[in-house]
Amino acid sequence: MTVSPPDESAPAIEVSHLVKAYNGIPAVNDISFSVGRGEILGFLGPNGAGKSTTMRILTGYLPATSGAVRVFGLPVASRGEEVKRLIGYMPENNPLPEDMRVSEYLYYRGRLKEVPRSRLSVRLDEVLALCDLTRVRHRIIGQLSKGNRQRVGIAEAILAEPPLIIMDEPTIGLDPHQILIVRDLIARLRGRMTVIISSHILPEIEMTCDRVLIINRGQVVAQGSPAALRREFLGRSAYELEVAGDFAALPAVLAHLEPSLRLDPPLAPEPDSPGTFRRLRVVTDREDDLGEIILRGMVAAPGLRVRGLRRAEPSLEDVFLAATQRSWDVVDGATRPDVR
Amino acid sequence: MRHFFTILNQEIRMLLVSPSTYIAAVLFLAIMGFVFTGILESYSATPQETSPAAVFFQYFWLPVFFMVPLLTMKCLAEERRLGTLETLLTTPVTTTEVVLGKFGAAYFLYLLLWASTGGFFYVLQHFAGDARFVERGPLIGGYVFIAVSGLLFIALGVFASSLSRNQAVAGIGAFTLLFGLISGLSFVDGMALLDLEVMRPIKEAVSYAQVFQHLEDFSRGIVDTRQLLFYLSGTILALIFSILGVEAKLLHG
């Protein structure tokens with residue numbers, strides 16, 4: 001039983017100018033974004049950036065201070081009951097009752113989520129198998145390991161096959177093997193359901209998500225696919241070069257190969273003998289691969305010996321740090337007089 | 001209201017598998033058993049005018065003070081502390097259904113425990129073989145009083161639980177509310193200050209809310225609709241405040 005969204009053309013989520021303040025202190029400050037159907041969106045941000053608050057507003061659990069949130073075209077504020085039927089939500093820290101059995105709990109949740117009784121036991125078996133919980137289905141939740149508890153939370157979120165799934169830090173506290181299972185699980189939902197996950201584990205987000213939204217201090221600081229974000233925030237492509245020999249001639253050699261090539265950071269004079277290899281970072285403004293040109297140039301240059309060349313792949317972590325740093329600079333620059 | 005029975009069913013099951021329920025039940029039956037034995041002993045020593053059932057129900061406050069907080073303190077406070085209130089309220093369930101479900105389960109257990117004291121009277125009748133000891137009127141009146149007043153007592157407990165995320169605070173809150181209602185109001189009723197002419201309306205209102213007076217009337221077989229209304233309206237009010245309590249906590253994080 002897949003609940004069909006009422007409006008066929010509306011995007012899964014539309015958030016416009018959302019503001020949420022706790023006792024006058026803004027946690028979310030004028031956020032706008034939209035998520036298309038079937039998209040997997042990663043929600044990134046440092047602690048206290050407003051990720052959980054935004055997710056809670058999306059589910060209708062918290063009311064917004066101002067702004068509009070629509071889920072499949074339905075405004076959450078006025079039609080919360082219908083919206084709740086379209087969402088599977090796993091809150092931060094995955095709260096579960098301690099004294100129930102896994103299958104008991106999922107059955108109860110299924111009833112609350114209005115899965116028909118006839119369908120429920122079949123669906124329960126499906127979900128248990130999908131989340132690799134079949135072995136522990138009769139165990140008491142309070143006695144489960146953290147990984148199993150986490151998967152019970154995920155099973156609960158996808159139980160009623162809602163078209164939209166919101167998970168707040170689903171991989172927190174899991175070991176690499178379990179993270180792999182969760183990743184597969186999310187990958188299997190691709191196309192069928194729209195998924196929003198928040199996480200601190202950036203490689204995780206990079207691997208599973210189509211699009212990333214970085215928020216900091218209650219504002220969207222960056223959004224786009226991981227590749228696009230890389231271009232936007234780190235701009236140039238970088239190469240790692242391992243050379244020995246006459247370092248003083250190196251900048252000239254590089255500039256001769258391609259005018260935009262330069263060392264970053266600039267070469268520091270080093271007292272040790274010219275025979276040792278040093279790892280240097282070379283950056284360029286050009287997008288295309290200059291690896292071969294550099295390598296040929298190095299080999300041809302007199303007095304330089306090259307041992308290795310590698311194109312440096314900036315990770316999402318770099319993007320994240322750059323994006324949040326930039327927003328901090330902006331915010332701090334604007335508000336410094338009040339802060340001090 | 002379609003989820004009310006799902007929640008009620010679940011809550012009753014959880015209460016029935018929880019060890020604390022059985023501890024409370026044993027405590028309750030032990031205390032009421034001692035009370036009952038004490039009454040019988042005094043009856044065997046000297047002849048009394050009232051029926052043992054009427055005297056027995058005079059002690060209703062004793063279990064109410066400790067049982068009701070024990071039964072209700074967990075219901076909303078624990079859900080909030082664990083965070084399961086968040087998962088519960090993000091399903092298509094309304095706050096009203098949640099509060100009513102919790103209330104219904106606690107009330108059911110309260111009635112079940114009181115019903116088990118019926119065994120005392122059965123034993124008495126069986127071994128005394130004298131119908132005079134177990135007069136129908138006061139017995140039925142007493143149980144009706146328990147059932148009707150229990151609605152309000154449990155609702156107050158649920159209300160106290162809706163205000164806190166700490167079970168102990170909820171339990172003490174429930175105890176305070178019940179103590180104020182049962183003992184506090186009868187104390188206020190006796191104050192000389194209220195005998196002043198200006199205080200007359202307050203005096204009337206306070207004497208209308210005398211729980212012990214209600215018990216006496218019920219035991220004599222007088223079912224006053226004003227008293228029924230007192231408990232019913234009080235229950236509804238307490239439940240509405242519980243719903244507001246849960247939602248207010250949502251609004252303020």
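**Exercise 1.** Which strands of chain A does helix H1 lie across, and at about what angle does H1 run to E1(A)?

*Solution.* Keep in mind that this is a predicted model. Start by finding helix H1 of chain A at residues 51-59. Next, look at what H1 crosses: E1, E2 and strand E4 (66-71) of chain A. Finally, compare directions: H1 runs at about 120 degrees to E1(A).

**Exercise 2.** Work out the strand order of the open sheet in chain A, and find which strands stand at the edges.

*Solution.* Begin with the pair E1 and E2: eight bridges join strand E1 (residues 13-22) of chain A to E2(A), and the two run antiparallel. One handy pair to click on is A:Leu18, whose bridge partner in E2(A) is A:Ile31. Now lay out the four strands, and you get E2-E1-E4-E5 with antiparallel pairing. Strand E2 (25-35) and strand E5 (74-75) each have a single partner strand, so one side of each is left without a neighbour in the sheet.

**Exercise 3.** Pick out residues that touch the most other members of the largest nonpolar core, then look around one of them.

*Solution.* The core has 137 residues, and the best-connected ones include A:Val71, A:Ala155, B:Ala106 and B:Val158. Take B:Val158: leaving out residues up to four places away in sequence, its contacts include B:Leu76, B:Val99, B:Phe103, B:Ala106 and B:Leu239. There's also a second, separate core of 11 residues, with A:Leu250 and A:Met298 among them.

**Exercise 4.** How many residues of chain A are in contact with chain B, and what classes do they belong to?

*Solution.* Count first: 22 residues of chain A are in contact with 18 of chain B. Helix H2 (80-86), strand E6 (87-90) and helix H3 (102-112) of chain A each supply at least two residues of that side. Sorted by class, the chain A side has 12 nonpolar, three polar and seven charged residues.

How values were computed:
Residues numbered from 1 in each chain as written. Chains lettered and ligands numbered in written order. Predicted model: local features only at pLDDT ≥ 70, side-chain atom pairs only at ≥ 80, totals over all residues. Pairing = 2+ DSSP bridges. Contact = placed C-beta atoms within 7 Å. Axes fitted to C-alpha atoms, helices over the stretch in contact; angles between N-to-C directions. Core = buried A, V, L, I, M, F, W, Y, C linked by C-beta atoms within 7 Å. Buried ≥ 20, exposed ≤ 12 C-beta atoms within 10 Å, placed from the backbone. Nonpolar A, V, L, I, M, F, W, Y, C, P; charged D, E, K, R; others polar.
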